[in-house]
Amino acid sequence: MYNLLCPRMILNSLHDLEYHQLKELGIEGIIFDLDNTIIPWDQQQMSPEIIEWVNALLKEGFKICLLSNNMGKRVKDIAEIFNVPFVSRAYKPAKSGFRHAIAAMELSQDRVAVIGDQLFTDILGGNRIGLVTIWVRPLSSQEFIGTKITRRLERLAVRVLKSKGLINKSAIIKNNNY
Ligand SMILES: [Mg+2]
């Protein structure tokens, strides 16, 4: 169970992602969570830096799909900026949304990574179907009330993962292979 909550990499910021490392792992497609991963939860606009960063990934040849538990329009509007597929109302950590996202990129699951800010949705769901999971610090401290509650459990889970040696402090600062 704890292994399923353990991210493969941990990033302070999306900009810390070393995509050459993903290529070495054979990753060709990336599933992105939306809220507090590429756009602050309480905002309508992405920052120009993140737009530029996502476009750079596309230019590098990565396929991208958005996967969000949020409603359709918000997800669709962001997907249209990049002309990438999306899955909304995904009920992460359910596997089905991840499977749809993988199919939308026309890749096999061993070629796909997922990046998200929540252990119990993005990381747990990705690990359940064997993706490379990348946990990134949330963009904003503003969150949906349900998420605020989950964060307490998340902090508890991180303490347990650390005590079992599955996560260490240096991994939080710099991405790491386990
Ligand atoms: Mg999120």
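Is Ile 102 buried or exposed? In this predicted model, Ile 102 has a relative accessible area of 6%. The cut-off for a buried residue is under 20%, so Ile 102 counts as buried. The residue lies in helix 5, which covers residues 95-104. Leaving aside neighbours within four places in sequence, Ile 102 is in contact with Ile 31, Leu 107, Ser 108, Gln 109, Val 112, Ile 129 and Leu 131. Gly 29 is 73 residues away from Ile 102 along the chain, yet their C-alpha atoms are separated by 8.0 Å.

From there the interior can be followed further. The largest nonpolar core has 29 residues. Leu 22, Phe 32, Ile 38, Leu 66, Ile 115 and Ile 134 are the residues with the most contacts inside this core. Several elements supply at least two core residues each: strand 1 (9-11), strand 2 (29-32), strand 3 (63-67), strand 5 (112-116) and strand 6 (132-136), together with helix 3 (48-59) and helix 4 (72-82). Apart from this core lies another one, of 14 residues, which includes Ala 101, Met 105, Val 114 and Leu 131.

Two residues of the largest core show how it is put together. Ile 134 sits in strand 6 and is buried because its relative accessibility is 0%. Not counting residues up to four places away in sequence, Ile 134 touches Met 9, Leu 11, Leu 17, Leu 22, Ala 113, Val 114, Ile 115, Gly 116 and Ile 123. The C-alpha atoms of Ile 134 and Ile 27 are separated by 12 Å, with their positions 107 residues apart along the chain. Leu 22, under the rule that leaves out residues up to four places away, touches Met 9, Leu 17, Ile 27, Ile 30, Phe 62, Ala 113, Val 132 and Ile 134.

Helix 6, residues 119-128, is also placed inside. Of its 10 residues, 8 are buried, so the helix is largely enclosed by the rest of the structure. The buried residues are Leu 119, Thr 121, Asp 122, Ile 123, Leu 124, Gly 125, Gly 126 and Asn 127. After helix 6 comes Gly 130, with a positive phi near 80 degrees.

The model also contains a magnesium ion. Which protein residues act as its donors? They are Asp 33 and Asp 117, each through OD, and Asp 35 through O, at 2.0 to 2.2 Å from the ion. Along the chain these donors follow the spacing D-x1-D-x81-D. Asp 33 and Asp 35 are both buried.

Two of these donors also take part in salt bridges. The side chain of Asp 35 meets that of Arg 74 in a salt bridge, at 2.6 Å from N to O. This pair links distant parts of the chain, with Arg 74 in helix 4 and Asp 35 in the loop between strand 2 and helix 3, 39 residues apart. Arg 74 and Asp 35 are both buried. Asp 117 belongs to a network of salt bridges that also links Glu 143, Arg 151 and Glu 154. Within the network, Glu 143 forms a salt bridge with Arg 151, and the closest N and O atoms are 2.7 Å apart. Glu 143 is buried because its relative accessible area is 11%, and Arg 151 counts as buried at 9% relative accessibility.

How many salt bridges does the structure hold? There are 10. One of them joins Glu 60 and Lys 23, whose closest N and O atoms are 2.7 Å apart. Here too distant parts of the chain are linked: Glu 60 is in the loop between helix 3 and strand 3, and Lys 23 is in helix 2 (residues 19-24), 37 residues apart. Glu 60 is partly exposed, with a relative accessible area of 30%, and Lys 23 counts as partly exposed at 36%.

The last stop is the surface. Trp 41, Phe 144, Ile 145 and Ile 149 form a nonpolar patch there, with about 430 Å² of accessible area together. Ile 145 is in helix 7, residues 145-163. Ile 145 is exposed because its relative accessible area is 59%, and the cut-off for exposed is over 50%.

Key
Residues numbered from 1 in each chain as written. Predicted model: local features only at pLDDT ≥ 70, side-chain atom pairs only at ≥ 80, totals over all residues. Heavy atoms only, no water. Donors = N, O, S within 2.8 Å, 3.2 Å for Na, K, Ca; no water. Buried < 20%, exposed > 50% of the residue type's maximum accessible area, 1.4 Å probe, protein only. Core = buried A, V, L, I, M, F, W, Y, C linked by side-chain atoms within 4.5 Å. Helix = DSSP H or I, 4+ residues; strand = E, 2+ residues; numbered from the N terminus. Contact = heavy atoms within 4.5 Å. Patch = residues over 30% accessible without salt bridge, like charges linked within 9 Å, V, L, I, M, F, W, Y side chains within 5 Å. Areas by Shrake-Rupley, 256 points an atom, 1.4 Å probe, with all protein chains shown as cover. Salt bridge = Lys/Arg side-chain N within 4 Å of Asp/Glu carboxyl O.
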